Amino acid sequence: MSQDKLELIRNAGPSVLPSLLLCDFGDLKTELARLEDAGTRVLHLDVMDGHFVPNLTYGMPIVEGIRRHSDLPMDVHLMISDPLRYAQPMVDAGADLLTFHVEAVEDAGAVAREIRSMGAAVGVALNPDTDLSALDGCLDEVDMVLVMSVDAGFGGQSFNPVALAKLAALKQSHPDLLLEIDGGINLKTIAAARAAGCDLFVVGSAIFKQDDYAAAIAGLDAEIAGGVS
Ligand SMILES: O=C(CO)[C@H](O)[C@H](O)COP(=O)(O)O
Ligand SMILES: [Co+2]
């Protein structure tokens, strides 16, 4: 089922993925309806453990609650020290694409294979200070690479352009991999990410700090469309 969702994500073309980190969790059902009405095709969920990153968010009950109120594919970004400990529960809760951080594990290829065996598509993430060479040996095992353009842990940080060169290099070396960027994406930064070969654009503040989500996403979509030949 999750491979079908991966195809849905691929077939959606370049897409804005709202990061629910900054949404109103007191009114999640309304937030999800507003995002769906605004044309959202994929949701991005940020799971933080207060250990791998100095921030704590939510776990399986929230992921499962979102699944009950939305059929959209869920891209779950695990910012946790022990991704395999929670991978199967996250898949059971409804994660379609499960992404772990390369900095958190010893053998990223083995972690990716194990997550895939659980029935989810798999992504690997790397922070701005982590060199692409850290992904050696695991790129053939993943469906997606998440290039962080801020240090994982908090929304609302400024875009780090080091992500652009990484995206361009990955696009050249692995043209079939899905590429995602996360952190500080807004109307000023999104076109450069698209031009570097990015497919999936995670956006938190630039949507949730606006009153009109549809207008915010439409503006970002327009920048994506203008950012590539
Ligand atoms: O993974 C994340 C933080 O670690 C979030 O997805 C990201 O920060 C989104 O928020 P913003 O668009 O405000 O940067
Ligand atoms: Co994220």
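# Close-up views of a predicted model

**Figure 1. Residue L177 is partly exposed, with 19 other C-beta atoms within 10 Å.** This figure, like those that follow, is drawn from a predicted model. A residue counts as buried if 20 or more other C-beta atoms lie within 10 Å of its own, and L177, with 19 such atoms, is therefore classed as partly exposed. The place of L177 is in the loop that lies between α6 (162–173) and β7 (178–182). When L177 is compared with R194, which is 17 residues away along the chain, the C-alpha atoms of the two residues are found to be separated by 14 Å.

**Figure 2. Residue G204 is a buried loop residue, with 25 other C-beta atoms within 10 Å.** The loop that holds G204 lies between β8 and α8 (205–208). Along the chain G204 and A225 are 21 residues apart, and in space a separation of 20 Å lies between their C-alpha atoms.

**Figure 3. Eight strands form an open sheet in which the pairing is parallel.** A reader who follows the sheet from one side to the other meets the strands in the order β1-β8-β7-β6-β5-β4-β3-β2. The edges are formed by β1 (15–18) and β2, each of which pairs on one side only. Between neighbouring strands of this sheet there is an average turn of 25°, if direction is ignored. At one edge, β1 runs parallel to strand β8 (residues 200–203), and four bridges join the two strands. Within this pairing, S15 has L200 of β8 as its bridge partner.

**Figure 4. Strand β3 (residues 74–79) is largely enclosed by the rest of the structure, because six of its six residues are buried.** The side chains to look for fall into two sets: M74, V76 and L78 point one way from β3, while D75, H77 and M79 point the other way, and all of these residues are buried. On one side, six bridges join β3 to strand β2 (residues 43–48), and these two strands run parallel. A residue pair that helps to locate this contact is L43, which stands opposite M74 in β3. The pairing of β3 with strand β4 (residues 97–101) is also in the parallel sense, and it extends over three bridges. Here V76 has L98 of β4 as its bridge partner.

**Figure 5. Helices link the strands in right-handed β-α-β units, one of which consists of β2, helix α3 (residues 60–69) and β3.** From β3 the chain continues through helix α4 (residues 83–93) and arrives at β4, and this β-α-β crossover is right-handed. The residue V76 of β3, whose bridge partner in β4 is L98, can serve as a landmark for the two strands that this crossover connects.

**Figure 6. Strand β4 is largely enclosed by the rest of the structure, because five of its five residues are buried.** Cover is present on both faces of β4, since L97, T99 and H101 on one side and L98 and F100 on the other are all buried. Strand β4 pairs with strand β5 (residues 121–126) in the parallel sense, and this pairing includes five bridges. One of the residue pairs to find is L98 and its bridge partner in β5, V122. Between the two strands the chain passes through helix α5 (residues 108–117), and this crossover from β4 to β5 is a right-handed β-α-β crossover.

**Figure 7. Helices α3 and α4 have axes that come within 8 Å and cross at roughly 20°.** Angles under 35 degrees count as roughly parallel, and α3 and α4 are therefore roughly parallel to each other. The crossing of α3 and α4 is right-handed. A further pair of helices is seen in helix α2 (residues 28–37) and α3, whose axes come within 10 Å and cross at roughly 55°. This angle makes α2 oblique to α3, and the crossing of α2 and α3 is right-handed.

**Figure 8. The confidence scores of the predicted model give the protein an average pLDDT of 96.** A score of at least 70 is reached by 98% of the residues. For the complex, the predictor gives an ipTM of 0.98 and a pTM of 0.97.

Note on methods. Residues numbered from 1 in each chain as written. Chains lettered and ligands numbered in written order. Predicted model: local features only at pLDDT ≥ 70, side-chain atom pairs only at ≥ 80, totals over all residues. Buried ≥ 20, exposed ≤ 12 C-beta atoms within 10 Å, placed from the backbone. Pairing = 2+ DSSP bridges. Right-handed = clockwise from strand over helix to strand, strands pointing away. pLDDT = per-residue confidence, 0-100. Axes fitted to C-alpha atoms, helices over the stretch in contact; angles between N-to-C directions. Parallel < 35°, antiparallel > 145°, perpendicular 65-115°, else oblique. Left-handed = near helix turned anticlockwise from the far one by under 90°.
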